[in-house]
2 protein chains.
Amino acid sequence: MISEKIVERLSLYRWLLETRLENEVSNLFSYQLASMACVSPAQIRRDLMTIGYSGSPGKGYLVADLAKSIGKELDGAKPSKVAVVGMGNLGRALVSFISDRRSHLQIVATFDTDSTKYGRVICGCRCYAQNELEKIIKLEGITVAILTLPSDAAQAVADRLEKAGVTGILNYAPVPLKVSKKVYLENRDVTAALEKVAYFAREGD
Amino acid sequence: MISEKIVERLSLYRWLLETRLENEVSNLFSYQLASMACVSPAQIRRDLMTIGYSGSPGKGYLVADLAKSIGKELDGAKPSKVAVVGMGNLGRALVSFISDRRSHLQIVATFDTDSTKYGRVICGCRCYAQNELEKIIKLEGITVAILTLPSDAAQAVADRLEKAGVTGILNYAPVPLKVSKKVYLENRDVTAALEKVAYFAREGD
DNA sequence: CAGGCACTGTTATTTTTTTCACAACACCTA
DNA sequence: TAGGTGTTGTGAAAAAAATAACAGTGCCTG
Ligand SMILES: NC(=O)c1ccc[n+]([C@@H]2O[C@H](COP(=O)([O-])OP(=O)(O)OC[C@H]3O[C@@H](n4cnc5c(N)ncnc54)[C@H](O)[C@@H]3O)[C@@H](O)[C@H]2O)c1
Ligand SMILES: NC(=O)c1ccc[n+]([C@@H]2O[C@H](COP(=O)([O-])OP(=O)(O)OC[C@H]3O[C@@H](n4cnc5c(N)ncnc54)[C@H](O)[C@@H]3O)[C@@H](O)[C@H]2O)c1
């Protein structure tokens with residue numbers, strides 16, 4: 001089990017590696033990756049140690065190979081299936097953004113209460129009515145959900161998702177969700193992020 | 001100077017306090033706030049110590065008062081002025097979401113290269129053409145910028161923002177920006193967040 | 001008013017995370 | 001082959017963050 005912080009950084013590293021790969025770069029030194037990721041070279045080496053990856057002194061790391069090794073650690077044996085609940089502005093933006101970025105993260109269903117939305121394919125993904133939620137989650141084996149719906153509906157939906165078998169929730173609604181220990185919850189509150197940036201912009205970091 | 005993590009939590013606390021205030025709750029114990037914020041009671045007390053706030057044993061914390069004290073620490077003397085660059089799906093969603101949430105964070109300008117967008121008021125905020133960027137930033141005294149534009153334009157815009165005097169950037173474009181030490185940069189990559197959630201959803205946290 | 005209760009503020013401790021420092025190693029050059 | 005250069009992997013040290021522990025305090029009860 002890798003710590004939260006390291007997972008986050010590994011994800012970043014992989015993504016940096018992939019963009020480097022597109023530019024035909026085949027190997028990198030720790031200090032190069034470090035400067036891209038805005039961390040120290042030692043941090044890079046230590047993180048790679050935790051996934052048991054070895055480069056070679058003088059040669060550094062093989063970009064493609066390292067990216068694959070990170071994938072072996074972060075990605076499951078099978079792709080994770082993802083649902084998006086609430087196909088408003090934010091939901092649609094997310095779906096169109098994510099769908100063609102990572103093959104091991106598949107958005108396989110979206111949900112909405114609005115009858116002008118469900119029953120159709122939106123941004124390349126089928127949108128279902130809210131009352132089909134449990135059925136589809138189980139049928140598809142969805143384990144991860146993204147919440148982009150109004151705050152007042154979020155808790156009830158989270159409860160239903162959990163009962164249906166979802167074990168990870170990425171929540172964009174500005175509301176403090178309560179979930180059981182079984183479920184991994186990550187909140188993405190824009191306001192908090194902006195407040196933080198404003199604070200350090202002012203205080204001069 | 002407060003550490004990054006503490007600022008993040010304080011922002012969360014304040015927001016929880018405010019929603020409690022709406023429900024007419026006038027005081028709270030550390031363990032109550034802790035359970036809402038998903039942290040330990042000791043953590044709460046320690047965080048409040050760093051901003052020099054004192055509750056009273058038996059009574060706990062005065063909700064309104066504490067919220068104000070956090071504000072005194074996090075918010076500047078004057079509101080921070082914010083610009084949003086790139087008024088696509090995500091930009092519009094963010095502007096409409098934020099604009100009526102925090103009085104000390106004012107979105108005073110948005111920018112776009114699309115001539116069907118600039119020159120108009122979008123989501124309650126004036127949208128300017130890209131070439132007016134420096135002028136407006138300086139004129140308004142904007143210090144914080146949110147980047148919601150295509151990746152390939154992000155670095156160039158970031159450079160211009162920095163030169164114009166912006167000291168904090170909240171970046172949504174999936175690209176590793178390089179900025180000088182003067183600028184506080186926060187990246188919000190959806191993919192990384194989702195990968196993290198998927199990982200811990202699988203590994204069972 | 002005395003005593004018990006429940007919570008805070010703060011110090012001490014533990015745990016986690018990051019950085020440092022350096023031996024070991026590959027590779028290049030002559 | 002020998003020596004120099006530059007990078008890795010990792011144990012040790014340092015720093016930061018979280019947790020625990022507890023004395024001190026207001027408050028209630030009888
Ligand atoms: N807009 C942003 O940038 C932003 C940022 C952070 C958080 N948020 C939050 O994300 C949420 C969505 O934002 P938005 O701008 O997309 O709003 P929106 O109103 O455009 O979209 C909300 C969607 O959710 C649907 N919905 C309502 N109740 C539902 C339910 N019970 N189950 C399923 N779907 C339901 C609505 O039909 C609508 O399509 C809000 O809670 C908002 O506060 C938004
Ligand atoms: N959509 C998401 O949920 C999401 C999530 C994370 C990151 N992102 C990233 O955020 C960015 C925006 O996403 P979107 O869905 O809003 O895309 P979009 O195409 O709807 O919006 C992009 C906007 O930026 C404008 N633009 C282009 N070049 C510009 C420039 N040089 N200066 C100013 N404006 C410019 C375009 O005119 C357009 O209005 C993209 O980089 C995307 O990868 C999106």
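**Reading a two-chain model with DNA and two ligands**

A: Let's begin with one contact in this predicted model: a polar side-chain atom of Asp112(B) sits 2.5 Å from an oxygen atom of ligand 2.

Q: How do I read a distance like that, and which backbone atoms approach ligand 2?

A: The idea is to ask whether two N or O atoms come within 3.5 Å, the cut-off for a polar contact. The 2.5 Å of Asp112(B) is therefore inside that limit. From the backbone, a polar atom of Leu90(B) is 2.9 Å from an oxygen atom of ligand 2. Ala93(A) adds a backbone N or O atom at 3.1 Å from a nitrogen atom of ligand 2.

Q: Where does ligand 2 lie, and which residues come nearest to it?

A: Ligand 2 lies between chains A and B. It has 23 residues around it, and the nearest are Asp112(B), Lys117(B), Gln130(B), Leu149(B) and Tyr172(B).

Q: What about ligand 1: where is it, and which residues come nearest?

A: Ligand 1 is also placed between chains A and B. Among the 23 residues around ligand 1, the nearest are Asp112(A), Lys117(A), Gln130(A), Leu149(A) and Tyr172(A). Now look at single atoms. An oxygen atom of ligand 1 is 2.5 Å from a polar side-chain atom of Asp112(A). The side chain of Lys117(A) brings an N or O atom to 2.7 Å from an oxygen atom of ligand 1. Leu90(A) uses its backbone instead, with a polar atom 2.9 Å from an oxygen atom of ligand 1.

Q: Let me turn to the two chains. How much area do chain A and chain B bury between them?

A: First, the general idea: interface size is often quoted as the accessible area that is lost when the parts come together. Here chain A and chain B bury about 5,600 Å², with carbon and sulfur atoms giving 66% of it. On the side of chain A, Leu194(A), Glu195(A) and Lys196(A) supply 12% of the area buried against chain B, more than any other three residues. The contact involves 60 residues of chain A and 61 residues of chain B.

Q: How many salt bridges and polar pairs cross from chain A to chain B?

A: There are eight salt bridges across the interface of chain A and chain B. In one of the pairs, Glu195(A) meets Arg14(B), and their closest N and O atoms are 2.8 Å apart. Between the two chains, 18 residue pairs are in polar contact, counting pairs with both residues at pLDDT 80 or more.

Q: Which element gives the largest share of the side of chain A that touches chain B, and what is the make-up of that side by class?

A: Helix H8(A) gives the largest share, with 14 residues. By class, that side of chain A has 31 nonpolar, 11 polar and 18 charged residues.

Q: Within one chain, how is chain A divided, and what does the join between its domains look like?

A: Chain A has domain 1, residues 4-74, and domain 2, residues 80-193. Their C-alpha centres are 31 Å apart. Four residues of domain 1 of chain A contact five residues of domain 2 of chain A. The two domains bury about 370 Å² between them, and 23% of that comes from carbon and sulfur atoms. In domain 1, Glu4(A), Arg14(A) and Trp15(A) lose the most area, together 74% of what that side buries. The count of salt bridges between these domains is zero, while two residue pairs are in polar contact, both residues at pLDDT 80 or more.

Q: Last, the DNA: which residues are closest to strand D, and which side chains approach its phosphate oxygens?

A: A useful habit is to separate backbone from bases. Of the atoms of DNA strand D within 4 Å of the protein, 56% belong to sugar or phosphate and the rest to bases. The strand is surrounded by 23 residues, the closest being Ser30(A), Arg46(A), Ser54(A), Gly55(A) and Tyr61(A). Tyr61(A) places a side-chain N or O atom 2.9 Å from a phosphate oxygen, and Arg9(B) has a polar side-chain atom 3.0 Å from a phosphate oxygen. For the bases, Arg45(B) has a side-chain N or O atom 3.4 Å from a base nitrogen of strand D.

Q: Which helix supplies the largest share of the surface near strand D, and how do its residues divide by class?

A: Helix H3(B) supplies the largest share, four residues. The whole surface near DNA strand D divides into eight nonpolar, nine polar and six charged residues.

How values were computed
Residues are numbered from 1 along each chain as its sequence is written. Chains are lettered from A and ligands numbered from 1 in the order in which they are written. This is a predicted model: local features need pLDDT of at least 70, side-chain atom pairs count only at pLDDT 80 or more; totals for chains, interfaces and linings use all residues. Side-chain values use heavy atoms; hydrogens and water are left out. Domain bounds come from an automatic or database domain assignment. Contact means heavy atoms within 4.5 Å. Buried area is the accessible area (1.4 Å probe) that two parts lose on being put together, summed over both. A salt bridge is a side-chain nitrogen of Lys or Arg within 4 Å of a carboxyl oxygen of Asp or Glu. A polar contact is a pair of N or O atoms within 3.5 Å; within protein, one must be able to donate a hydrogen and the other to accept it, and residues adjacent in sequence count only if both atoms are side-chain atoms. A residue is near a molecule or strand if one of its heavy atoms lies within 4 Å of it. Helices (H or I, at least four residues) and strands (E, at least two) are DSSP runs, numbered from the N terminus. Ala, Val, Leu, Ile, Met, Phe, Trp, Tyr, Cys and Pro count as nonpolar, Asp, Glu, Lys and Arg as charged, and the others, Gly among them, as polar.
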